[in-house]
Amino acid sequence: MTSPAPRHAIVLFAHGSRDPLWHKPMEAVAARIRSQSADVEVACAYLELSQPDLPHTVAQLTGAGVDSITIVPMFLGVGRHAREDLPELVTQLRASHPAVHFHLQKAVGEDDRLVQMLASIALDPTEA
């Protein structure tokens with residue numbers, strides 16, 4: 001009998017806000033991922049001011065059988081949250097879920113593709 005294939009998930013991790021409209025872009029990215037890759041679970045998690053937080057999201061995913069999680073920090077700038085708070089959270093998650101493989105990506109603001117897209121948007125004279 002073969003063991004089941006690993007189940008992978010992506011967690012979009014952001015700061016959070018009390019304003020519910022702030023979440024819309026994050027949810028739009030999650031929806032786009034779902035439409036492009038039906039075999040990957042995707043969830044959003046927040047550091048503060050919003051729910052769910054990262055430990056809760058990871059617990060839900062692992063409870064559903066996910067054993068590999070990529071965390072994507074949705075930060076343009078790499079401040080204390082991305083440099084210190086998030087790596088500490090991931091260390092705690094690895095200790096709490098030793099059977100799960102965690103991959104922490106760089107903040108999206110460090111990706112040259114996003115920087116180029118933002119520059120293109122800024123240079124585009126059309127309005128949305």
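The secondary structure of the protein chain comprises four helices and four strands. Along the sequence these elements are arranged in the pattern β-α-β-α-β-α-β-α. The model is predicted, and the mean pLDDT of the chain is 92. Of its residues, 94% reach a pLDDT of 70 or more. Among the elements, strand S3 (residues 68-73) has the highest mean pLDDT, at 98, and helix H3 (residues 80-96) the lowest, at 92. Taken along the principal axes, the C-alpha atoms fill a box of roughly 60 × 30 × 30 Å. The chain has 128 residues, of which 33% are buried.

Helix H3 was examined for length, bending and burial. For its 17 residues, a rise of 1.5 Å a residue gives an expected span of 24 Å. The C-alpha atoms at the two ends of H3 are 23 Å apart, which agrees with that expectation. The helix nevertheless bends by about 30° at Leu86. A proline, Pro87, follows within four residues of the bend. Leu86 is itself buried, as are His81, Ala82, Asp85, Leu89, Val90 and Leu93 in H3. Asp85 also takes part in a salt bridge with Arg80, with an N to O distance of 3.0 Å. The two partners are placed in opposite terms with respect to the 20% limit for burial: Asp85 is buried, whereas Arg80 counts as partly exposed because its relative accessibility is 46%.

The structure holds three salt bridges. In general, side chains of opposite charge can pair when their charged atoms come close. Besides the Arg80 and Asp85 pair, a salt bridge joins the side chains of Glu41 and Arg7 at 2.1 Å, N to O. This pair links distant parts of the chain, with Glu41 in strand S2 and Arg7 in the segment before strand S1 (8-14). The two residues are 34 residues apart. Both are partly exposed: the relative accessible area of Glu41 is 31%, and the relative accessibility of Arg7 is 32%. In the remaining salt bridge, between Arg113 and Asp111, the closest N and O atoms are 2.5 Å apart. Arg113 is classed as exposed because its relative accessible area is 62%, while Asp111, at 24% relative accessibility, counts as partly exposed.

The loop between strand S2 (41-46) and helix H2 (54-63) contains Pro52, and Leu49 lies in that loop between S2 and H2 as well. Most residues other than glycine have a negative phi, and most peptide bonds are trans. Two features of this loop depart from that pattern. The peptide bond from Gln51 to Pro52 is cis, with omega near 5°. Leu49, although not a glycine, has a positive phi of about 70°. With a relative accessibility of 41%, Leu49 is partly exposed. Glu48 is also located in the loop between S2 and H2, and its relative accessibility of 34% likewise places Glu48 in the partly exposed class. The C-alpha atoms of Glu48 and Ala82 are 13 Å apart in space, and the two residues are 34 residues apart in sequence. Ala82 belongs to the buried residues of H3.

A second pair was considered for its separation in sequence and in space. His103 and Ile10 are 93 residues apart in sequence, with a C-alpha to C-alpha distance of 9.4 Å. His103 is found in strand S4 (residues 101-104). Its relative accessibility is 39%, so His103 counts as partly exposed.

On the surface, Leu76, Leu118 and Ile121 make a nonpolar patch of about 320 Å². Leu76 is located in the loop between S3 and H3. Since a residue is exposed when its relative accessible area is over 50%, Leu76 meets this criterion at 57% relative accessibility.

Note on methods
Residues are numbered from 1 along each chain as its sequence is written. This is a predicted model: local features need pLDDT of at least 70, side-chain atom pairs count only at pLDDT 80 or more; totals for chains, interfaces and linings use all residues. Side-chain values use heavy atoms; hydrogens and water are left out. pLDDT is the predictor's confidence in each residue, from 0 to 100. Patches are made of residues with over 30% relative accessible area and no salt bridge: like charges are joined within 9 Å, nonpolar side chains (Val, Leu, Ile, Met, Phe, Trp, Tyr) within 5 Å. Accessible areas come from the Shrake-Rupley method with a 1.4 Å probe; for residues, only the protein chains shown count as cover. A salt bridge is a side-chain nitrogen of Lys or Arg within 4 Å of a carboxyl oxygen of Asp or Glu. Buried means under 20% relative accessible area, exposed over 50%, partly exposed in between (1.4 Å probe, protein chains only). The expected span of a helix is 1.5 Å times one less than its number of residues. The bend at a residue is the angle between axes fitted to the seven residues ending there and the seven starting there.
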